[in-house]
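User: I'm new to reading structures, and I'd like to know where the labels come from. Can we go through this one together?

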Amino acid sequence: MEEKQNKKIDLLPREEERYKPVEAKVHCRFCGKTSVMKLRACVNVSLHPEEKELVLNGSFFQYECPSCKEKLQVVYPCLYDDMSRALMIYLLPDETEKALAELNSQQHTWSPEMLKAAMVCTMRAVRTPNDLCEKIKIADAELDDRYVELTKAFVFAQFMKQKPDFKAAQVLYERQNGKDGFVMISKEGKTFWAQFPDGLYDEVVRMFSDRIPKKKTTDYELIDANWTANILSKLKE
Ligand SMILES: [Zn+2]
């Protein structure tokens, strides 16, 4: 992202404002020209199912520079809302932890409907569009992202034993040929895909269901590698 546009965007747009596009200046790193882009603070795939594919194929956060036609990735705070899966995911690309704390601290301004939805929905925060896609894919596979993250830690540790020189940039859940697995992406852009070992996910659910806090919360939560490391560190105590 070339510029920080998020300052101009209300972190929690009101219902009637969610689909009102926000204008932001985008500086093109190819031709140097600045143009005005319309940003959308919310993707509601229950109302607009066609937009889910745009998020998954990356084009939702792509913008074509009107001057030179190059494609730019413009990433900004955006709420992904899928009521059919009771899933709300907030993409918070800049200073994620800080933005998340701010977002959760604004709950007194949420509407009663929003608070009611927040009680029953899976509420997540993510840092990047790739992380957002991963959460969507996990929900589509009807898996629990917390157990998927824990499974990821085990599969990745096993993978690193076999390939100690692998410099991982990202490890993301991905289903291939109907099988659950993780795609490992190296810093050089090499990718490997590793299937969930038989029974591991169910074993992880059994092992951790008592260790994962069951608090009923309306907070958006960041369920990532740090969260997993925290859970695993408690296991050693
Ligand atoms: Zn341009």
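User: What are the protein donors of the zinc ion?

Analyst: First, some ground rules: this is a predicted model, where local features need pLDDT of at least 70, side-chain atom pairs count only at pLDDT 80 or more, and totals for chains, interfaces and linings use all residues. Residues are numbered from 1 along each chain as its sequence is written, and side-chain values use heavy atoms, with hydrogens and water left out. Now the zinc ion: its protein donors are the SG atoms of Cys28, Cys31, Cys65 and Cys68, at 2.3 to 2.4 Å. A donor is an N, O or S atom within 2.8 Å of the metal (3.2 Å for Na, K and Ca), and water is not among the atoms, so sites may look incomplete. Sulfur atoms at 2.3 to 2.4 Å therefore count as donors.

User: What makes the arrangement around the zinc ion tetrahedral?

Analyst: The angles do. The four donor atoms subtend 106 to 114° around the zinc ion. Four donors are called tetrahedral if all angles lie between 85 and 135 degrees; four are square planar and six octahedral if opposite donors are over 155 degrees apart and all others between 65 and 115, and anything else is irregular. The angles of 106 to 114° fit the first rule, so the arrangement is tetrahedral.

User: How are those donors spaced along the chain?

Analyst: The pattern reads C-x2-C-x33-C-x2-C. It links distant parts of the chain: cysteine 28 is in the loop between strand S1 (22-27) and strand S2 (34-39), while cysteine 65, 37 residues apart from it, is in the loop between strand S4 (62-64) and strand S5 (71-73). About those names: helices (H or I, at least four residues) and strands (E, at least two) are DSSP runs, numbered from the N terminus.

User: Why is cysteine 28 called buried?

Analyst: Its relative accessible area is 1%. Buried means under 20%, exposed means over 50%, and partly exposed is in between (1.4 Å probe, protein chains only). With 1%, cysteine 28 is therefore buried. Cysteine 65 is buried too. Cysteine 28 also touches Lys33, Cys65, Cys68 and Leu72, leaving aside residues up to four places away in sequence. Contact here means heavy atoms within 4.5 Å.

User: Leucine 79, alanine 86 and asparagine 226: why does each get its label?

Analyst: Put each value against those cut-offs. Leucine 79, in strand S6, has 0% relative accessibility, so it counts as buried. Alanine 86, in the loop between S6 and S7, comes out at 23%, so it is partly exposed. Asparagine 226, in helix H7 (residues 225-236), has 52%, so it is exposed.

User: And what makes lysine 152 buried?

Analyst: Lysine 152 has a relative accessible area of 10%, so it falls on the buried side. It sits in helix H5 (residues 145-162). Not counting residues up to four places away in sequence, lysine 152 touches Glu134, Val171, Leu172, Tyr173 and Phe182.

User: Which residues have the most contacts inside the largest nonpolar core?

Analyst: They are Phe61, Val74, Tyr80 and Leu132, in a core of 25 residues. A nonpolar core is a set of buried Ala, Val, Leu, Ile, Met, Phe, Trp, Tyr and Cys residues joined through side-chain atoms within 4.5 Å. S1, S2, strand S6 (78-82), strand S7 (87-91) and helix H4 (129-140) each give two or more residues to this core. There's also a second, separate core of 24 residues, including Leu150, Val155, Tyr173 and Met184. Back in the first core, phenylalanine 61 touches several residues, among them Leu72, Val74, Leu91 and Leu132.

User: Where do the two domains run, and how much area is buried between them?

Analyst: Domain 1 is 6-140 and domain 2 is 145-210 + 218-236; such bounds come from an automatic or database domain assignment. Their C-alpha centres lie 25 Å apart. The contact takes 27 residues from domain 1 and 18 residues from domain 2. About 1800 Å² is buried between them, with carbon and sulfur atoms giving 51%. Buried area is the accessible area (1.4 Å probe) that two parts lose on being put together, summed over both. Arg124, Glu134 and Ile138 supply 32% of the area that domain 1 buries against domain 2, more than any other three residues.
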